[in-house]
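Please open the model in your viewer and keep the sequence panel visible. The tour below proceeds by selection, one stop at a time.

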Amino acid sequence: MALQHRLVRARPDRVWAVLENAGCYERWVVGTHLSSPADDRWPEEGPVLRYQVKAGPFRYEGETVVRVHEPPDRLELEARAGDHASARIAIEVRPWGDETLVVLDEHPLRGRGWTFHHAAIDAVAQWRHRAMLARLARVCEDGHRERP
C-alpha cells in the first residue's frame, strides 16, 4: 500500500474543482496524456475517464472509473489496465486552515500488481505519488491565475 500526503496552498473548494475537472487529469496524474471523459457524468460514481499513458516510445490506453464520489472530501477511483489489472486510488481532501491537506492512498486490486506487490513496488509508488501530488498542488495553486 502506498500512502502519501501533501499540504496544498489552496482552499479545499479549489482542490476539489481540479479533481472534478476531467480536463485537468492529464495535468496532474504522472504519465497520463490526452485524457477525456467517456460521458458528461464525470465525476459521478460509475463514469469512465479514458486516457493514454506514454512511457518513452510506448503508449497504451487506460481508463479510470469513479467508484466513490463524496464532495467535497473524498474521491475514489479504480484505474484499469485492460480487463485483468486495476488499482484503487483514494483521494481525501481535508481543510487545513486556509490550505488543504490532500491524502492519496493507492494499492493494487487485481492482476499482477496484486500478485507481486512488495516493498520495491511501494517505493516506486511513493515516488510517483510525491510527483503526482506536487503536480496537483501546482495546478491548484496556479489556479488563482487560471481556471482548471
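The stops below move from confidence to strands, rings, core and a polar contact.

**Before selecting**

This is a predicted model, in which local features need pLDDT of at least 70 and side-chain atom pairs count only at pLDDT 80 or more, while totals for chains, interfaces and linings use all residues. Residues are numbered from 1 along each chain as its sequence is written, and side-chain values use heavy atoms, with hydrogens and water left out.

**Stop 1: confidence**

Colour the chain by pLDDT, the predictor's confidence in each residue, from 0 to 100. The chain averages 84, and 86% of the residues score at least 70. Helices (H or I, at least four residues) and strands (E, at least two) are DSSP runs, numbered from the N terminus. Select helix H3 (residues 112-115), which has the lowest mean pLDDT among the elements, 57, and then H1, which has the highest, 95. Where pLDDT is low, the predicted coordinates should not be read in detail.

**Stop 2: paired strands**

Select strands E2 and E3, which pair in the antiparallel sense over four bridges; two strands pair if DSSP finds at least two bridges between them. Histidine 33 has glutamine 52 in E3 as its bridge partner. Next, choose leucine 34, also in E2 (residues 32-37). Its C-alpha lies 5.5 Å from that of tyrosine 51, although the two are 17 residues apart in sequence. Beyond its neighbours within four places in sequence, leucine 34 is in contact (heavy atoms within 4.5 Å) with Glu26, Arg50, Tyr51 and Gln52.

Now add strand E4 (residues 58-70), which pairs with E3 in the antiparallel sense over eight bridges. Here leucine 49 has threonine 64 in E4 as its bridge partner. E3 and E4 form a hairpin with two residues between them, and glycine 56 in the turn has a positive phi of about 65°.

**Stop 3: a ring cluster**

Which residues are linked into a cluster by ring pairs? Select Tyr25, Trp28 and Tyr51. Rings of Phe, Tyr and Trp (its six-membered ring) pair if their centres lie within 6.5 Å; planes under 30 degrees apart count as stacked, over 60 as edge-to-face and the rest as tilted. Tyrosine 25 and tryptophan 28 both lie in helix H2 (residues 25-28), three residues apart, and their pair is edge-to-face, at 5.8 Å centre to centre with 65° between the planes. Tryptophan 28 is buried (under 20% relative accessible area, with exposed over 50% and partly exposed in between; 1.4 Å probe, protein chains only), at 5% relative accessibility. Tyrosine 25 is also buried, at 5%. The rings of tyrosine 25 and tyrosine 51 have centres 5.8 Å apart and planes at 40°, so this pair is tilted. Tyrosine 25 lies in H2 and tyrosine 51 in strand E3 (residues 48-55), so the pair ties together parts that are 26 residues apart in sequence.

**Stop 4: the core**

A nonpolar core is a set of buried Ala, Val, Leu, Ile, Met, Phe, Trp, Tyr and Cys residues joined through side-chain atoms within 4.5 Å. The largest has 30 residues, and Val15, Leu19, Trp28 and Leu136 have the most contacts inside it. Helix H4 (119-142) is one of the elements that give two or more residues to this core; its share, six residues, is the largest. Select leucine 19 and display its contacts, including Trp28, Trp42 and Leu136.

**Stop 5: a buried glutamate**

Finally, select glutamate 78 in strand E5 (residues 74-80). Glutamate 78 is buried, with a relative accessible area of 4%. A polar contact of 2.8 Å joins its side chain to that of arginine 67. Such a contact is a pair of N or O atoms within 3.5 Å; within protein, one must be able to donate a hydrogen and the other to accept it, and residues adjacent in sequence count only if both atoms are side-chain atoms.
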